[in-house]
Amino acid sequence: MTDINKEWVLHHYEASPYAEKIRLMFGYTGLRWHSVISPPMPPRPNLDPLTGGYRRIPVAQKGADLFCDTALIALEIARETDRSALRPDSLSDDTRALVAHAQGDVFFSVISSESPLKVLASLVAKFGVRETYRFFKDRSGMMKGATIRPPSGKRAAAVISTFFSDMDAILAGQEFLDGENPGYADFAAIHPVKFKADFFETVLPEALTHLNRWYAAMLALGYGERCELDPADAFKVAAQSEPRPLPPSDPHEYLNQQVNIAPTDYGQVPVTGQLLTVTAERYVVARQTDDFGAVHVHFPRAGYAVKPSTTGS
Ligand SMILES: N[C@@H](CCC(=O)N[C@@H](CS)C(=O)NCC(=O)O)C(=O)O
């Protein structure tokens, strides 16, 4: 008999590339997980009450602990399954640069490398006209305050084709980016590739045989033991659980204060809570809620900024 309060819940939507990174990690590690489907854009009444408004997908939950950002979720999976190769900090300098490129310029170029008409046709086919309009409005709003400038047009097309051929060249000499077995880099690099293939229903260039072989091997990892869960049950899990014990904190100027924490790159919607713990790898804030009691929301240190808040949680 398993205890759902101690198992992974993933808040995601099927078409989310970053969620695919984690779903495949669940497949590789053979973990059992519960899937809660979120809408592809806010409002997310099934998730915001838990996180306090973090706007990106995916979010992982275990009991009354919420984990934002796939870098931190990967770290949790690596620790739980004793696979250090899944840790983001296990990468060599070269592979770290490849991952940053895959999840930055390549990820954003997937859409911007195609003609606006083709993008529109794909979106309308998936969402219908009304939702496509909402989607454009949402994503352009999300990118308004962004500190990154995604490539567009010809430059974006070149980013994609160069990335594919660079990957093919690396994979000519090794099974996976991490060597004989998949590691963090493989999961971080496959999601923009799959995004391109799925979104535009295209196949990878046939001549890139190593890339194709790796792509098939990665997808063959599957998604582990996935069980569907109603959002209300994920709420119950949080309400029935206490946040897990925290590691000792490093000193921090805002420790124990009410803070706003937000990504520094895009989707910078802040989460407000009491800053409980700061370690080399993460920030943890506590939110006191009427519906679930205390929940702890975890963020990676890298790519997130903390500021004092003047409002309550
Ligand atoms: N650094 C984040 C990036 C996540 C991200 O960009 N997710 C996309 C979906 S794949 C997103 O949240 N888009 C806006 C949205 O879904 O509201 C992570 O690793 O989790």
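Student: Which helices each supply at least two residues of the shell around the ligand?
Tutor: This is a predicted model, where local features need pLDDT of at least 70 and side-chain atom pairs count only at pLDDT 80 or more, while totals for chains, interfaces and linings use all residues. Residues are numbered from 1 along each chain as its sequence is written. Helices are DSSP runs (H or I, at least four residues), numbered from the N terminus. The two that each give at least two shell residues are H1 (17–29) and H3 (70–81).

Student: Of the 13 residues around the ligand, which come nearest?
Tutor: A residue is near a molecule if its C-beta atom, placed from the backbone, lies within 6 Å of it. Of the 13 that surround the ligand, the nearest are Ser-16, Tyr-18, Arg-56, Asp-69 and Thr-70.

Student: Is H1 mostly covered or exposed, and how many of its residues are buried?
Tutor: Buried here takes 20 or more other C-beta atoms within 10 Å of a residue's own; exposed is 12 or fewer, partly exposed is in between, and C-beta atoms are placed from the backbone. Tyr-18 and Met-25 are among the buried residues of H1. H1 is mostly covered, with a buried count of 12 of its 13 residues.

Student: What distance separates the end C-alpha atoms of H1?
Tutor: The expected span is 1.5 Å times one less than the number of residues. For the 13 residues of H1 that gives 18 Å, and the model agrees, with its end C-alpha atoms apart by 19 Å.

Student: Which residues have the most contacts inside the largest nonpolar core?
Tutor: Such a core is a set of buried Ala, Val, Leu, Ile, Met, Phe, Trp, Tyr and Cys residues joined through C-beta atoms within 7 Å. The largest one has 68 residues, and those with the most contacts in it are Met-25, Ala-74 and Ala-189.

Student: Why does this core lie between domain 1 and domain 2?
Tutor: Domain bounds come from an automatic or database domain assignment. The core lies between the two because residues come to it from both domain 1 (4–84 + 226–308) and domain 2 (90–217).

Student: Which element gives the most to the side of domain 1 that touches domain 2?
Tutor: Contact means C-beta atoms, placed from the backbone, within 7 Å. By that rule, 16 residues of domain 1 are in contact with 20 of domain 2. On the domain 1 side, the top contributor, with seven residues, is H1.

Student: Does Asp-82 count as buried or exposed?
Tutor: Asp-82 sits in the loop between H3 and helix H4 (93–112). With 8 C-beta neighbours inside 10 Å, Asp-82 counts as exposed.

Notes:
Two residues are in contact if their C-beta atoms, placed from the backbone, lie within 7 Å.
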